[in-house]
Amino acid sequence: QYARLNREFLRSQTKDTFLEPLNIGTKLVLRAENQQTDPATKLWEILSSKGIYVLPGTIFFETPEKGEKYLRIALMRDPNVFKLAVNFMVEVLRNSR
């Protein structure tokens with residue numbers, strides 16, 4: 001149930017951003033929608049420096065460059081904590097542009 005609630009919340013909070021949520025199995029991945037967006041590694045650095053821990057897509061590909069448009073988000077978290085983290089993540093990414 002956490003995954004469903006968190007997936008729905010993440011989708012609602014990223015609909016007006018450059019991030020596009022994709023369902024891949026039981027995981028949720030955010031894809032940067034355009035070429036002007038920082039690569040996943042840069043987004044990961046920005047977010048982790050603010051205490052938001054996501055995984056860059058580069059670690060999931062044999063050729064890391066293929067993963068530069070993706071961030072993996074863990075959905076199995078307490079929904080209240082997840083909401084705070086997603087709101088903060090979206091704010092940080094908007095302010096980093």
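**Exercise 1. The turn after α2**

Find the residue just after α2 that takes a positive phi, and state the angle.

*Solution.* Work on the predicted model shown above. Go to the end of helix α2, which spans residues 40-49. Step just past the helix. The residue is G51, and its phi is about 85 degrees.

**Exercise 2. The buried face of α2**

List the buried residues of helix α2. Then decide how they are arranged around the helix axis.

*Solution.* Step one: pick out the buried residues. They are A40, L43, I46 and L47. Step two: look down the axis of α2. The buried residues fall within an arc of 125 degrees, so they line one face of the helix. Step three: recall the helix geometry. An α-helix has 3.6 residues a turn, so residues three or four places apart point the same way. Step four: ask what lies over these residues. The cover includes strand β3 (55-56), strand β4 (70-73) and helix α3 (79-95).

**Exercise 3. The largest nonpolar core**

Give the number of residues in the largest nonpolar core and name those with the most contacts inside it. Then trace which elements build it.

*Solution.* Start with the count. The core has 22 residues. L47 and M89 have the most contacts inside it. Next, the elements. Two or more residues come from each of α1, β2 (27-32), α2, β4 and α3. Helix α3 gives the largest share, six residues. Finally, follow M89 outward. Leave out residues up to four places away in sequence; M89 then touches L10, L30, L47, I52, V54 and I73.

**Exercise 4. The two faces of β4**

Sort the residues of β4 into a covered and an uncovered face. Then describe how β4 pairs with β3.

*Solution.* Take the covered face: L71 and I73. Now the uncovered face: Y70 and R72. Turn to the pairing. β3 and β4 run antiparallel, and two bridges join them. One partnership to check is P56 with L71 of β4. L71 thus appears twice, on the covered face and as a bridge partner.

**Exercise 5. R31 and its surroundings**

Is R31 buried, exposed or partly exposed? Which residues does R31 contact beyond its neighbours within four places in sequence?

*Solution.* Locate R31 in strand β2. Its relative accessibility is 26%, so R31 counts as partly exposed. Now list the contacts: F18, L19, E20, L22, K69 and Y70. Look again at K69. K69 is 38 residues from R31 along the chain, yet their C-alpha atoms are separated by 5.3 Å.

**Exercise 6. T17 in its loop**

Is T17 buried or exposed? Which backbone atoms does its side chain reach, of T14 and of L19?

*Solution.* Place T17 in the loop between α1 (2-14) and β1 (19-24). T17 has 16% relative accessibility, and buried means under 20%, so T17 counts as buried. Then check the side chain. A polar atom of the T17 side chain lies 2.8 Å from the backbone oxygen of T14. The side chain also reaches the backbone nitrogen of L19, at 3.0 Å.

**Exercise 7. The whole chain**

Write the order of helices and strands along the sequence. Then give the share of residues that count as buried.

*Solution.* Count the elements: three helices and four strands. Read along the sequence. The pattern is α-β-β-α-β-β-α. Of the 97 residues, 37% count as buried. Then turn to the surface. The protein exposes about 6,100 Å², with carbon and sulfur atoms supplying 52% of it. End with contacts between residues at least 6 apart in sequence: 56% of them join residues at least 24 apart.

Technical notes: Residues are numbered from 1 along each chain as its sequence is written. This is a predicted model: local features need pLDDT of at least 70, side-chain atom pairs count only at pLDDT 80 or more; totals for chains, interfaces and linings use all residues. Side-chain values use heavy atoms; hydrogens and water are left out. Buried means under 20% relative accessible area, exposed over 50%, partly exposed in between (1.4 Å probe, protein chains only). A polar contact is a pair of N or O atoms within 3.5 Å; within protein, one must be able to donate a hydrogen and the other to accept it, and residues adjacent in sequence count only if both atoms are side-chain atoms. The arc is that of the directions from the helix axis to the C-beta atoms. Contact means heavy atoms within 4.5 Å. A nonpolar core is a set of buried Ala, Val, Leu, Ile, Met, Phe, Trp, Tyr and Cys residues joined through side-chain atoms within 4.5 Å. Accessible areas come from the Shrake-Rupley method with a 1.4 Å probe; for residues, only the protein chains shown count as cover. Two strands pair if DSSP finds at least two bridges between them.
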